[in-house]
Amino acid sequence: MVLKHREKTTFHLPLDREEILRDYRIAFQSRQVSVIGRREVLSGKAKFGIFGDGKELAQIAMAKVFRKGDFRSGYYRDQTLMFALGAVSLQEFFAQLYAHADVEADPSTGGRSMNAHFASRSLNPDGSWRNLMELYNSSADMSPTGSQMPRLVGLAYASRLYRHLHELQPLTQFSHHGDEVAFGAIGNASCAEGVFWEAVNAVGVLMAPMVLSIWDDGYGISVTNEHQMVKQNMSELLKGFQRAPGTYDGYDIYSVRGWDYPALVETYVQATETARRDHVPALIHVVEVTQPQGHSTSGSHERYKSKERLEWEQEFDCLRKFREWIVAQGVAAAAELDQLEREDKLLVENTRKAAWEAYTQPIREEIQEVADILDEIAPGAAHAAALAQIKDRLLSAQTPLRRDIAVGLREALLLLKDERIPAKQVLIDWKKRQDPIQEERYSSHLYSRSAESALNVPEIKPVYSERSPVVHGFELLNACFDAMLARDPRVIAFGEDVGRLGDVNQGFAGLQAKYGELRVSDTGIRETTIIGQAIGLALRGLRPIAEIQYLDYVLYALQIMSDDLVTLHWRTKGGQKAPVIVRTRGHRLEGIWHSGSPMAGLIHLLRGMHVLVPRNMTQAAGFYNTLLRSDDPGLVVEVLNGYRLKETLPDNIEEFTIPVGVSEVLREGNDITLVTYGACCRIVMEAAELLRRVSIDAEVVDVQSLLPFDVHGGILESLKKTSRIVFIDEDVPGGATAYMLQEVIEKQGGYAWLDSPPRTLSAKPHRPAYGSDGDYWSKPNVEQVFETAYEIMHEVDPAHYPLFYR
Ligand SMILES: Cc1ncc(C[n+]2csc(CCOP(=O)(O)OP(=O)(O)O)c2C)c(N)n1
């Protein structure tokens with residue numbers, strides 16, 4: 001290899017014997033966890049296992065420089081770091097492996113994520129922030145490779161903001177003058193992902209204190225570096241990011257062998273000190289890393305690694321090398337290490353047993369409860385033998401599962417369907433009690449449950465007076481953002497053209513000059529890491545407003561919003577929150593990529609955040625005020641062609657709120673309900689006026705909020721009055737109109753009030769064609785809305801409503 005590695009340490013680190021032996025033991029225990037964990041999966045006690053074997057030593061080194069208040073954004077190989085910090089215990093690791101669905105047992109995810117997906121608990125049980133400066137913070141791991149990179153941008157950048165914004169200095173539970181480092185980790189193969197490069201570039205531009213480690217074991221499952229990257233060597237490739245001596249522009253780049261303990265320690269000390277002190281980011285390419293057990297429990301690496309490679313991996317196993325070094329340095333004799341290893345093997349095995357017991361015990365107790373009820377029922381039942389079989393099956397399960405109890409219960413109740421045994425009700429009651437428990441166990445915390453939940457934000461109506469000026473839509477938003485920035489120092493706004501220009505429609509015009517370049521800033525064209533920047537800042541207690549310039553470009557950020565942002569609160573079972581406000585504009589302009597309205601795509605992929613579709617800038621401002629008072633993430637889609645329209649500026653622009661999930665009747669009517677949102681409101685209102693000319697009295701309802709949807713059932717109330725309904729938007733057929741239809745007709749029970757078939761009117765299935773004519777024939781227009789409603793009335797009374805136009 002051409003690479004020049006950092007050679008063994010040239011100075012003596014202050015490492016004493018105790019510390020070295022402690023390091024060895026943690027590394028050894030971590031390896032044992034991997035070995036025993038794999039065995040547990042192969043024996044069927046756990047479903048899947050992925051482990052950090054081969055990466056132990058580098059993480060031991062990282063742990064030495066990781067301080068409380070720092071953040072980690074890594075991936076599923078980082079168990080040794082967590083053990084070394086004491087951030088995750090061995091028992092908690094096994095609990096997660098078994099999917100122990102209890103936050104006490106698996107504090108990272110409450111059994112919701114597969115193993116080695118770590119997360120510290122940033123929140124108290126009531127959803128309020130803990131003091132992050134007392135924690136080794138770990139942002140919640142994800143499985144999609146590279147997905148830890150976007151939020152790393154924000155996690156690191158927060159330190160820069162905390163250091164340079166004096167108004168943030170009081171927030172001492174989040175930062176100490178911006179001294180915190182964000183530690184990232186990524187596998188070599190995942191560096192082939194675009195998001196890696198986008199994030200590395202962004203962190204460099206932002207001069208944020210990140211120390212990013214690349215664990216390079218030469219493979220991505222079976223695919224070698226030859227297929228992953230040019231020159232097969234990340235640190236060579238990254239050389240362009242290297243800062244020049246004496247400058248602060250760029251990265252410090254290190255390459256160090258994964259089995260070389262003193263060099264690793266020296267490297268992490270140096271890289272982290274510089275990052276912490278000077279906010280210079282560092283990349284540590286850890287090479288010659290092995291993966292002794294292969295990628296995961298899903299396969300064996302003998303299938304794709306050569307004999308020579310496997311032999312090399314054995315020889316350069318970091319644990320083996322560390323042991324050799326300890327003996328060679330005279331730190332400890334081989335016999336002493338043997339003894340420690342024996343003790344640690346026992347320790348890990350006993351811990352595993354304890355984790356298994358803790359996991360299975362409550363389930364076995366539940367099985368026993370059900371068995372006792374079945375025993376009570378069986379004597380008088382016709383199917384006594386079959387009931388006994390169910391009981392025996394449950395009691396004898398090697399791996400007890402609640403799913404099996406549920407299946408057994410249903411089977412038993414089917415057998416007892418026609419029997420009149422009083423004890424049967426005991427079984428039914430037992431089953432009923434489980435429903436809310438399982439709901440809490442697996443489905444809680446999709447949205448905030450804290451006092452700050454968006455649903456708890458009280459409505460404050462806009463106040464108008466004779467003095468209220470009439471302004472352009474963009475000026476109204478500008479006043480809203482101005483007030484937000486003034487009243488809350490945690491508000492940080494950024495996006496493409498948001499800083500100097502004040503965004504392409506001037507919502508932030510003049511605000512950078514007023515609040516400074518760190519509060520209102522430009523970003524590069526990098527939608528994914530704009531959202532990542534926001535997630536990271538929000539995880540560290542700030543209130544980002546991240547702008548995606550057009551709705552059509554949200555697609556670039558959709559993966560990270562879907563995988564990270566909206567699952568965060570749920571996948572940590574309320575352990576972490578990222579109250580990000582995403583701002584974008586869309587629906588109507590011209591051309592394929594400036595007028596899309598892919599709302600169904602968004603609302604289906606973004607369950608876990610609020611998706612708000614205000615019809616004008618007053619409603620948008622009210623939503624921003626609501627979101628800032630809440631700790632839920634939210635997406636606000638402003639109407640693109642509304643910035644130049646005139647609206648009256650509320651006198652209480654800084655405080656009025658629009659509640660999420662509440663529809664509004666824009667026009668009252670008795671004959672038919674027209675349900676819509678966003679830019680379509682104007683079209684539907686115009687159509688309603690046309691309908692009035694033919695004596696059809698349409699009620700127009702603005703949904704306002706797609707997630708949550710009409711929580712008070714306002715649309716149903718309208719339907720009760722009219723008995724007819726049309727859902728209209730600019731999405732594709734079967735898109736968000738179908739969603740609205742399901743919400744009203746199925747969930748709200750609207751079917752019972754229908755006197756005509758419900759209809760949807762959407763855009764064409766293709767993207768909108770260019771120009772005004774293209775728009776007219778691609779999206780619902782006034783005439784189509786008219787005809788759709790008119791034809792429903794025609795079906796009701798053809799004589800009264802003749803088809804005069806065809
Ligand atoms: C986006 C995405 N694509 C594919 C996968 C499937 N997958 C899981 S791990 C992996 C290889 C990752 O290799 P590397 O980044 O070198 O990390 P390692 O697991 O070797 O530590 C792949 C392809 C995934 N999890 N996410």
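This report walks through selected features of a predicted model, from its ligand to its loops and cysteines.

## The ligand and its shell

Start with the ligand. It is surrounded by 17 residues. The closest are Y75, Y76, R77, A189 and S190. By type, the shell divides into 6 nonpolar, 8 polar and 3 charged residues.

Polar atoms of the protein meet the ligand at several places. The side chain of Y76 has an N or O atom 2.8 Å from an oxygen atom of the ligand. N188 also uses its side chain: a polar atom there lies 3.0 Å from a ligand oxygen. S143 uses its backbone instead, with an N or O atom 3.0 Å from a nitrogen atom of the ligand. How much of the ligand does the protein cover? On its own, the ligand has 580 Å² of accessible area, and the protein covers 71% of that.

## Aromatic pairs

Now look for rings. The structure holds 33 aromatic pairs. One of them joins W197 and F241. Their ring centres are 6.3 Å apart, and the planes make an angle of 35°. That makes the pair tilted.

Where do the two partners sit? W197 is in helix α6, which covers residues 194-206. F241 is in the loop between α7 (234-237) and β7 (252-257). The pair therefore ties together parts that are 44 residues apart in sequence. W197 is partly exposed, at 29% relative accessible area.

Rings can also gather in groups. Ring pairs link Y24, F28, Y261, F322 and W325 into a cluster.

## A loop with two aspartates

Next, find the loop between β10 (491-495) and α16 (511-515). Two aspartates there deserve a look: D497 and D503.

D497 has a positive phi of about 70°, although it is not a glycine. Its relative accessible area is 34%, so it counts as partly exposed.

Is D503 buried or exposed? D503 is buried, with a relative accessible area of 0%. Its side chain makes contacts with backbone nitrogens. The one in N505 is reached at 2.4 Å. The one in G507 lies 2.8 Å from a polar atom of the D503 side chain.

## Backbone details around α23

Helix α23 spans residues 714-722. The loop before it runs from β20 (705-707) and holds P708. A cis peptide bond joins L707 to P708, with omega of about -5°.

On the other side, a loop links α23 to β21 (725-728), and S723 is found in it. S723 is not a glycine, yet its phi is positive, at about 65°. S723 is buried, with a relative accessible area of 12%.

## Cysteines without partners

How many disulfides are there? The count comes to 0. Take C191 as an example. The nearest cysteine sulfur belongs to C318, and it is 19 Å away. C191 itself is buried, at 1% relative accessibility.

Why does C480 have no bond to C681? C681 holds the closest cysteine sulfur, but that is 19 Å from the sulfur of C480 and therefore too far for a bond. A disulfide needs the two sulfur atoms within 2.5 Å. C480 is buried too, with a relative accessible area of 0%.

## Sequence distance and space

Finally, compare separation along the chain with separation in space. I696 lies in the loop between α22 (680-693) and β19 (698-702). At 0% relative accessibility, I696 is buried. I696 and M793 are 97 residues apart in sequence. In space, their C-alpha atoms are 8.1 Å apart.

A412 gives another case. A412 belongs to helix α13, which covers residues 402-415. A412 is buried, with a relative accessible area of 1%. In sequence, A412 and H604 are 192 residues apart. From C-alpha to C-alpha, A412 and H604 are 37 Å apart.

How values were computed. Residues numbered from 1 in each chain as written. Predicted model: local features only at pLDDT ≥ 70, side-chain atom pairs only at ≥ 80, totals over all residues. Heavy atoms only, no water. Buried < 20%, exposed > 50% of the residue type's maximum accessible area, 1.4 Å probe, protein only. Helix = DSSP H or I, 4+ residues; strand = E, 2+ residues; numbered from the N terminus. Near = heavy atom within 4 Å. Polar contact = N/O pair within 3.5 Å; in protein donor to acceptor, adjacent residues only side chain to side chain. Areas by Shrake-Rupley, 256 points an atom, 1.4 Å probe, with all protein chains shown as cover. Nonpolar A, V, L, I, M, F, W, Y, C, P; charged D, E, K, R; others polar. Phe/Tyr/Trp six-rings, centres within 6.5 Å; stacked < 30°, edge-to-face > 60°.
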